[in-house]
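Biologist: I should like to learn how to read pockets and helix packing in a model. Could we look at one together?

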Amino acid sequence: MKSFIIIGGGASGSVAAITAKRNNPSLNVTIIEKQSSILKKILQTGNGRCNLSNEEIKPEYYYGDKDLAKEVIQNFTSEECKAFFKSIGLFTTTEEGRIYPLSMTASSVREVLLNELERLNIKIKTDEQVQDIKIIEPEHRVKIITDKNEYKSDYVLISTGGKVGPGCDGDGYRFVKSLGIKYETISPALVQMTTKEDTTLLKGVKVRGTITLKTEDKKFTESGEILFADYGISGIATMQLASPLNDALKQSQQTKITIDLTPDISTEELSEFLLNTSNFEMSQKLQGILNQKLIDFILKDENDTENIIKKIKSFTLTPTGTKHFKHAQVTHGGVPKTEVNNKLESNKNPGIFISGELLNVDGICGGYNLHFAWGSGITVGLEVAERAKN
């Protein structure tokens, strides 16, 4: 009987186990998880509602290795995602393109996955820490050494996640490195930015604006919520630019953030209003447009109307970095497409697969990261099930 061991019982590891066992019932499937239970991170996703996927899954919504993202999502669409979860008893609903469980609770997603794992008699070893992975020659099998046991397996999936969330401390990068698999430098993604400018006076101010990150060779723009803090800026629109910011800073590039604080008011309309409304002080004119803290910040040492308009339409900050992994929602960087084939199997180590956040793919907010986790896990599960039949 062929065996398949999955290191890490997160989203991609769990669906890989289910898919492999469903498609090859004779396969001996085991999940090894260092925590006391699997799928803990699921409970934190989507503010506790678990944003499973998105109706519009495209490579352009991902950072890192877009070709690798494309390999996975072209074979696992949002419709296929909904179908998979319906097949294990989970109904879904859509809200502004985002796909959620019908119950609107992340625990429903976790429970149906646990139920299916149990129904398929998939072994789950918890509170067990993998210490090393070795290739056994000439058997072409894999030895997994934990703090409690030693295992031999025909196929192994490393799905330990990145450095974000419960139990994700970067073990996977150590494992792939020991196997000679290269990975791109990791950094926090979907995380707040720090700035050179002192934004303490703006702490708590929230705007719906358009934010643009300019590097030495590219420009990235997002629209949505921007939140000012004492360390810099936050909000979904800001956090979605963390990956390209960290890439630019790794290359020691000069970067700049500009924010259009009034995207719904054109420069011409704003100019006409501020220049032609002469009965009020500038601070009074702006009170129907901006938060008072922003007005005070912009008008400090500034009297020229044209300059004030420029500051409103192109509020400029100098990013110095991002907050740490413990504040992030996902990891940027990881194993690129050059290290794996289209079934996510290591080019250097046949029989060893990599999935989920350990790969060099991270998406924007909206279900893109979980979708990639499900899709990459299912890709591996299907391949292992087929290979094990031969």
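**A pocket and two helix pairs**

Modeller: The second largest pocket holds about 530 Å³ of space, a volume filled by probe spheres set on grid points joined across faces, edges and corners. This is a predicted model, in which local features need pLDDT of at least 70 and side-chain atom pairs pLDDT 80 or more, while totals for chains, interfaces and linings use all residues. Residues are numbered from 1 along each chain, and side-chain values use heavy atoms, without hydrogens and water.

Biologist: Which residues are closest to the centre of the second largest pocket?

Modeller: They are Tyr63, Lys218, Phe220, Pro244 and Asp247, out of 24 lining residues. A pocket is an open set of points on a 1 Å grid where a 1.4 Å probe fits, with protein on both sides within 12 Å along at least five of seven lines; lining residues have an atom within 4 Å of a point.

Biologist: Which elements give two or more residues to this lining?

Modeller: These are β4, β12, β15 and α7 (DSSP runs: helices, H or I, at least four residues; strands, E, at least two). With five residues, α7 provides the largest share.

Biologist: How does one read helix packing?

Modeller: One compares axes fitted to C-alpha atoms over the stretch in contact, with angles from 0 to 180 degrees between N-to-C directions. Helices α2 (residues 66-73) and α12 (residues 368-387) pack at about 70 degrees, their axes 9 Å apart. They are therefore roughly perpendicular (65 to 115 degrees). Leu68, Ala69, Val72 and Ile73 of α2 meet His371, Phe372, Gly375, Ser376 and Thr379 of α12, with contact meaning heavy atoms within 4.5 Å.

Biologist: At what angle do α8 and α11 cross?

Modeller: The axes of α8 (residues 267-276) and α11 (residues 305-313) cross at roughly 140 degrees and come within 10 Å. That makes α8 oblique to α11. On the α8 side, Thr267, Leu270, Ser271, Leu274 and Leu275 make the contact; on the α11 side, Thr305, Glu306, Ile309, Ile312 and Lys313 do.

Note on methods. Parallel < 35°, antiparallel > 145°, perpendicular 65-115°, else oblique.
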